[in-house]
Amino acid sequence: MALTGIQIYKLLPQTNCKECGYPTCLAFAMKLAAKQVELSACPYVTPEAKTQLAESSAPPIRLISIKSDGYEAKAGNEVVLFRHDKTFYNKPGLFIRVYDNQPVDAIKALVTEVNGYAVNYVGMDLTVDGFVVASMAGDANTFAAAVQAVRGISKRPIILMSRDVSIARAGVNVLKGETPLIYGADAKNWEAFADLAKEIKASLGVIAGSLAETAELTDKIKARGVEDLVIDPGGRDLGSGLALGTTIRRLAIKKNYRPLGFPVITFPGDAGDPGMESVHAAQAITKYAGFIVLDHFNPATIYPLLVLRQNIYTDPQKPIQVQPGIYEINAPKPESPVLVTTNFSFTYFSVANEVEGSGLPAWLLVTDAEGMSVLTAWAAGKFDAERIAKAIKGFNVADKVSRKRVVLPGHVAVLSGELEGELPDWEIRVGPREAVDLPAFMKQAL
Ligand code: SF4
């Protein structure tokens, strides 16, 4: 049973030293009760209190990790229902499913295509996380051959899918030294699957007919010594998938209901139609899948899913940033202009993409504005003449150019006078307000 804020407070040192970042121990206790901070933020909790607080401080959704050679797909450890309450931590894994009754060459061709797919989005490479090998043939050797076909091409994590423990074991034997997810245990086979998962320290998928039956099954499997579970609540259509996913998340987060405190695996691929599969997967990314199994791979549909996932799982309090510095666009020469912007990723890529697309050479000076866009940073005092001048000097921009000419974003034209004072030997120009207008400005005015 979760402790209340007052109960937690009684176990804290009550010195109000503020080292945890909160003004009082009571404030910290309230945050801990709401799962919005980690107990480790207080360095003075006694070992006895730690033991008593373990239940309260443990994440309501267990962290599950599927590991292979150099790769890891994690799900769980979430503490809030809504991203704006704090943040979501572990992006749901996107897995592409192959079937062991497919020709081996077809499996290899698909895995090769998926494995080689990466798309760069605001400086990050987005990729698919791994593969599911599903047993259809009902034969251990055929299953092992399919697992081997995948593993021969990709090192990414694998989910083994069979309700027959001897077939699942054949797959496990191919993945020696890895911690796959084995899917899965049901009301009939759970003892054998629990023993297999315990033996190789793997995570175990749990399938039951209802949430009550799922809770009963997870309790039984935990009692047999397997704690790392992933639950399949069913719900293959949009409505029931949403209802079940939300109910599980609410029970885990709000009621601290441990029998359902595990990541959820969903199968949008079961929708059959590739379009509906994408819609269902998009819903599952937002509410509240841990692992998502797709039957189709198409860059045109996987790309928006990857971007959606990235955006949902970006900490809203920490904007995506690029490294401050001087960037070269289209092989700039000493006489090329120096354009200035901030290190908010979207701002940087808007400017960089417009200039790059124009084919015009330029130096792009990215200043440290704590990840804010131009106007926000200016309003917050993080993008001013002093900072811009400091960046120009700090990155030795004068050594790269023969014509000292710097272009300010039009939104901060007000800084031009001040910047002239900071950089008396530079020509200060005011560019357009919008990045899209930069190419025309560069052609006509520079
Ligand atoms: S660090 Fe610990 S002792 Fe200090 S105020 Fe926070 S909870 Fe209290």
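## Strands, helices and a ligand shell in a predicted model

Four bridges join strand β6 to strand β7 (residues 158–161), and the two run parallel. Helices (H or I, at least four residues) and strands (E, at least two) are DSSP runs, numbered from the N terminus, and two strands pair if DSSP finds at least two bridges between them.

This is a predicted model, in which local features need pLDDT of at least 70, side-chain atom pairs count only at pLDDT 80 or more, and totals for chains, interfaces and linings use all residues. Residues are numbered from 1 along each chain as its sequence is written, and side-chain values use heavy atoms, with hydrogens and water left out.

**Around β6**

In the pairing with β7, A134 stands opposite M161. Between β6 and β7 the chain passes through helix α5 (residues 140–151), a β-α-β crossover that is right-handed; with the strands pointing away from the viewer, the path from the first strand over the helix to the second runs clockwise. Strand β3 (residues 93–99) is also joined to β6, by five bridges, and these strands run parallel. There, A134 of β6 is the bridge partner of Y99. Strand β6 covers residues 130–134, and five of its five residues are buried. Buried means under 20% relative accessible area, exposed over 50%, and partly exposed in between (1.4 Å probe, protein chains only).

**Helix α6**

Helix α6 spans residues 165–174, and its buried residues are I167, A168, A170, G171 and V172. Their cover includes α5, β7, β8 (181–185) and α7 (190–200), where contact means heavy atoms within 4.5 Å.

**The five-strand sheet**

An open sheet has five strands in the order β13-β15-β14-β16-β17, with mixed pairing. Strands β13 (325–329) and β17 (427–430) each have a single partner strand and stand at the edges, so one side of each has no neighbour in the sheet. On average, neighbouring strands of this sheet are turned by 30° against each other, direction ignored; the axes are lines fitted to C-alpha atoms, for helices over the stretch in contact, and angles run from 0 to 180 degrees between N-to-C directions. Edge strand β13 is joined by five bridges to β15 (residues 362–367), and the two run antiparallel. In this pair G325 stands opposite V366 of β15.

**The ligand shell**

The ligand is surrounded by P13, T15, N16, C17, K18, E19, C20, C25, F28, C42 and P43. A residue is near a molecule or strand if one of its heavy atoms lies within 4 Å of it. The shell divides into seven nonpolar, two polar and two charged residues. Ala, Val, Leu, Ile, Met, Phe, Trp, Tyr, Cys and Pro count as nonpolar, Asp, Glu, Lys and Arg as charged, and the others, Gly among them, as polar.

**Backbone details**

N16, one of the residues around the ligand, lies in the loop between α1 (5–11) and α2 (25–33). N16 is partly exposed, with a relative accessible area of 34%. N77 lies in the loop between β2 (71–75) and β3 and is partly exposed at 25% relative accessibility. For both asparagines the table gives phi, a positive value in a residue other than glycine.

| Site | Backbone value |
|---|---|
| N16 | phi near 50° |
| N77 | phi near 65° |
| Y183 to G184, cis | omega near 5° |
| K287 to Y288, cis | omega near -15° |

Of the residues at the cis bonds, G184 lies in strand β8, and Y288 lies in the loop between α10 (274–286) and β12 (291–294).
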